[in-house]
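Biologist: Please take me through this model label by label. I want to know what each word rests on.

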Amino acid sequence: MVLDPQAFMATMEKRISFSDSDKALLKENAAWGKSIALQMAEVFYAYLARDPEMYEILNAKEGRMHRLNETFIEWFGEMFTGMDNWGSAYAARRWRIGLVHVQIGIGPQHVVPAMATVVNEVGKHLKSAGLTEDLRESLGRICMIDLAFIEQAYVEVSSQAVLRETGWTEGLFKRMISTGAAGMK
Ligand code: HEM
């Protein structure tokens, strides 16, 4: 795959201004994150299941929902711990999550509002726990980095598939997209 997850992580950290103080604050609150992870998973999957298309995906395989609850809890906790201080293991894991969603055919139209649900719900928990606005901002930043990984996986997988199939150069492909977009209404 063309994308280097660690380099992408570094770019996103810079772009979003995800700083050392964000990391320290998230780590300090890792136990709190763990304590609300199950409730977060419940709200998240209840939200997804309200949509008939997503409900079908969630229940397409035996045991999928159960597995998902566990992977969500793990994913949520990792935002606070950073795994390896938001290093190469973190980036590789986020890239892998992106690829899994691309493979299943879950598009940006599903993922973006889903992440908004996470951000909103965590905001409610922060408020009721009397936690700081700073923590909300740090969480918002890492959620956006995680979201960027999933979205970028789409772009990378789609363009790589076209380039491989056709033998076109990246330059030609970009020009075609640009011309195509200009011609669309
Ligand atoms: C905030 C956005 C989302 C996050 C953070 C998230 C998180 C995850 C994680 C951590 C995994 C496990 C990946 C692995 O096996 O390595 C996963 C898999 C999966 N997710 Fe998501 N997800 C999101 C959005 C969605 C949406 C919108 C759907 C729509 C139905 C969805 C459905 C699935 C399915 C079906 C799997 C594979 C389950 C399996 O059979 O193992 N996810 N997700």
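Biologist: Why is L147 called buried?

Modeller: A residue is buried if 20 or more other C-beta atoms lie within 10 Å of its own, exposed if 12 or fewer, and partly exposed in between, with C-beta atoms placed from the backbone. L147 has 21 C-beta neighbours inside 10 Å, so it counts as buried. Bear in mind that this is a predicted model, in which local features need pLDDT of at least 70 and side-chain atom pairs count only at pLDDT 80 or more, while totals for chains, interfaces and linings use all residues. Residues are numbered from 1 along each chain as its sequence is written.

Biologist: Where is L147 found, and with which residues is it in contact?

Modeller: L147 is in helix 8. Helices are DSSP runs of H or I with at least four residues, strands are runs of E with at least two, and both are numbered from the N terminus. Two residues are in contact if their C-beta atoms, placed from the backbone, lie within 7 Å. Leaving aside neighbours within four places in sequence, L147 is in contact with V111, V112 and M115. The C-alpha atoms of L147 and R94 are 8.9 Å apart, although 53 residues separate the two in sequence.

Biologist: What makes W32 partly exposed?

Modeller: W32 has 15 C-beta neighbours inside 10 Å, which is why it counts as partly exposed. This residue lies in helix 3. Its C-alpha atom is separated by 9.6 Å from that of L126, 94 residues away along the chain.

Biologist: And P113: why is it called exposed?

Modeller: P113 has 12 C-beta neighbours inside 10 Å, so it falls in the exposed class. P113 sits in helix 7. From P113 to E156 the C-alpha distance is 21 Å, with their positions 43 residues apart in sequence.

Biologist: How do you know that the length of helix 7 agrees with its number of residues?

Modeller: The expected span of a helix is 1.5 Å times one less than its number of residues. For the 22 residues of helix 7 that gives 32 Å, and the end C-alpha atoms are 31 Å apart, so the two agree. Just after helix 7, G130 takes a positive phi of about 70°.

Biologist: Which residues other than glycine have a positive phi?

Modeller: S17 is one of them, with phi of about 60°, and N85 is another, with phi near 60°. S17 lies in the loop between helix 1 and helix 2 (20–28), and N85 in the loop between helix 5 and helix 6. S17 has 9 other C-beta atoms within 10 Å, so it is exposed. N85 has 11 within that distance, so it is exposed as well.

Biologist: What makes a group of residues a nonpolar core?

Modeller: The members are buried Ala, Val, Leu, Ile, Met, Phe, Trp, Tyr and Cys residues joined through C-beta atoms within 7 Å. The largest such core here has 23 residues, and M9, M79, L139, I142, I145 and F149 have the most contacts inside it. Helix 8 gives the most to this core, with eight residues. One residue of that core, F149, is in contact with R94, W95, I97 and G98, leaving aside neighbours within four places in sequence.

Biologist: Which residues come nearest to the ligand?

Modeller: A residue is near a molecule if its C-beta atom, placed from the backbone, lies within 6 Å of it. There are 22 residues around the ligand, and M54, T71, W75, H110 and A114 come nearest. Two or more residues each come from helix 4 (52–58), helix 5 (64–81), helix 6 (88–104) and helix 7 (108–129). Helix 5 gives the most, with six residues.

Biologist: How does that shell divide by class?

Modeller: It has 15 nonpolar, three polar and four charged residues. Ala, Val, Leu, Ile, Met, Phe, Trp, Tyr, Cys and Pro count as nonpolar, Asp, Glu, Lys and Arg as charged, and the others, Gly among them, as polar.

Biologist: How many helices and strands does the protein chain have?

Modeller: The chain has nine helices and zero strands. Of its 185 residues, 17% count as buried. The UniProt record, an unreviewed entry, places "domain: Globin-sensor" at residues 14–157. UniProt positions are in the numbering used here, feature names are shortened, and annotations may be inferred rather than shown by experiment. Over residues 14–157 the chain is 84% helix and 0% strand.
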